[in-house]
Amino acid sequence: MKKKMTLGFSPCPNDTFIFHALATGLIPWAGGLDVTLADVEELNGLAAAGALDVVKVSTAAAAGILDEYVLLRAGGAMGYGAGPVLVAEEGRTLGSLDGGTVAIPGERTTANLIFGLCCREAGISVARLSMIFDEVMPAVEAGRADAGVVIHEGRFTFAERGLVRVLDLGAWWEAHTGLPIPLGAIAIRRSLGEDVARRMNEAIRQSLLFARNEPEAGRDYIRGHAQELSETVVRTHIETFVTDYSLDAGEAGVQAVSRLLAEAGCIRKDVFITL
């Protein structure tokens, strides 16, 4: 029996919104799919190990896997006003963190890369504590970190925990580049060939279009993986991180990814599939 293609994405509402129809067979894939849901940093590690055929990765992490993988143009998280946020208790500034400790949602995340660029520009040095994204704010609250870089729903909920925004890293990126912030992308094994890559790209596009046309169809799937998130946070999460760039990266998206990869020390032209 032919082995199913393996697909990995996160349980965050933007990913489950995009992939629900494909993962559950509403958008068919010949031979079927073996689906893994995991935290973004775990997915980055699985991609680095070559463990999945198709995988959602932080765009920054893509810099280390492009010999084996190529990026699809659909399914990613990219846009304006959607970036990570540096948060802390009242009174903190970026400069005051010099010599301090900052919690980050994984070393290979786009959030960590952009935070490092901000620190470089500000001329400060910090120790970074890497952890799962939902552990960042508790670490700040408990005093184990002076500040934290929050992603996903943390962007919408940090104020509820008595934390304040020190710096919007996405706004910083947009101001410096004029480009959308490329948070995550979908990578596929180069060895599967261009035809399979194009078909998967189209399948993801169709899955997203299905979600937009039939928003109630995936509601239970999304809510089941979102766990404790409120309906409002889930809806805002999807509206923020699922954009037209998720249908196709477009010229601006390709430029944004290339710029970010260059900051990560990766300069190559064959980053995306050709359509």
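This report walks through a predicted model of one protein chain, from its overall build to a cavity and a few residues around it.

Because this is a predicted model, local features need pLDDT of at least 70 and side-chain atom pairs count only at pLDDT 80 or more, while totals for chains, interfaces and linings use all residues. Residues are numbered from 1 along each chain as its sequence is written, and side-chain values use heavy atoms, with hydrogens and water left out.

**The whole chain**

Let's start with the big picture. The chain holds 12 helices and 11 strands. Here, helices (H or I, at least four residues) and strands (E, at least two) are DSSP runs, numbered from the N terminus. Laid along the principal axes, the C-alpha atoms fill a box of roughly 60 × 40 × 35 Å.

How does the radius of gyration compare with that of a compact globule? For 275 residues such a globule would come out near 19 Å, and the chain has 18 Å, so the two agree. The radius is taken over C-alpha atoms, and the globule rule is 2.2 Å times the number of residues to the power 0.38.

Of the 275 residues, 55% are buried. Buried means under 20% relative accessible area, exposed means over 50%, and partly exposed is in between (1.4 Å probe, protein chains only). The accessible surface adds up to about 11900 Å², with 49% of it belonging to carbon and sulfur atoms. Those areas come from the Shrake-Rupley method with a 1.4 Å probe, and for residues only the protein chains shown count as cover.

Contacts, meaning heavy atoms within 4.5 Å, often link distant parts of the sequence. Among contacts between residues at least 6 apart in sequence, 81% join residues at least 24 apart.

**Empty spaces inside**

Now for the gaps. On a 1 Å grid over the protein atoms alone, a cavity is a set of points where a 1.4 Å probe fits but cannot get out. A pocket is an open set with protein on both sides within 12 Å along at least five of seven lines, and lining residues have an atom within 4 Å of a point. Grid points are joined across faces, edges and corners, and a volume is the space filled by probe spheres set on the points.

The largest pocket has a volume of about 580 Å³. Its lining counts 22 residues, and F133, D134, E153, A226 and L229 lie nearest the centre. Helices α5 (136-141), α6 (154-157) and α9 (219-226) each give at least two residues to that lining.

Searching the whole structure turns up three cavities of 30 Å³ or more. The largest cavity has a volume of about 250 Å³, and of its 20 lining residues, V40, I151, H152, L183 and G184 are the closest to its centre. At least two lining residues each come from α1 (13-23), β3, α4 (110-122), β11 (181-189) and α10 (231-241).

**Residues worth a look**

UniProt, in an unreviewed entry, lists K56, V57, S58, T110 and A111 under "binding site". Of these, K56, S58, T110 and A111 are included in the lining of the largest cavity. The same kind of record, also unreviewed, gives H152 as "active site". UniProt positions follow the numbering used here, feature names are shortened, and annotations may be inferred rather than shown by experiment.

Here is how much of some residues is accessible:

| Residue | Relative accessible area | Class |
|---|---|---|
| K56 | 7% | buried |
| V57 | 1% | buried |
| H152 | 15% | buried |
| H237 | 0% | buried |
| E239 | 57% | exposed |

K56 is found in strand β3 (residues 54-58), and V57 has its place in β3 too. Leaving out residues up to four places away in sequence, K56 touches residues including N14, D15, L43 and G184. With that sequence limit, V57 has contacts that include L43, A62, L183 and G184.

Where does H152 sit? H152 is in the loop between β9 (147-150) and α6. Its phi is near 55°, a positive value in a residue other than glycine. Most residues other than glycine have a negative phi. Beyond its neighbours within four places in sequence, H152 is in contact with C12, V40, F133, H237 and F241.

H237 belongs to helix α10. Besides H152, its contacts beyond four places in sequence include C12, N14 and E153. E239 is in helix α10 as well. The C-alpha atoms of E239 and V40 are separated by 19 Å, with their positions 199 residues apart along the chain.
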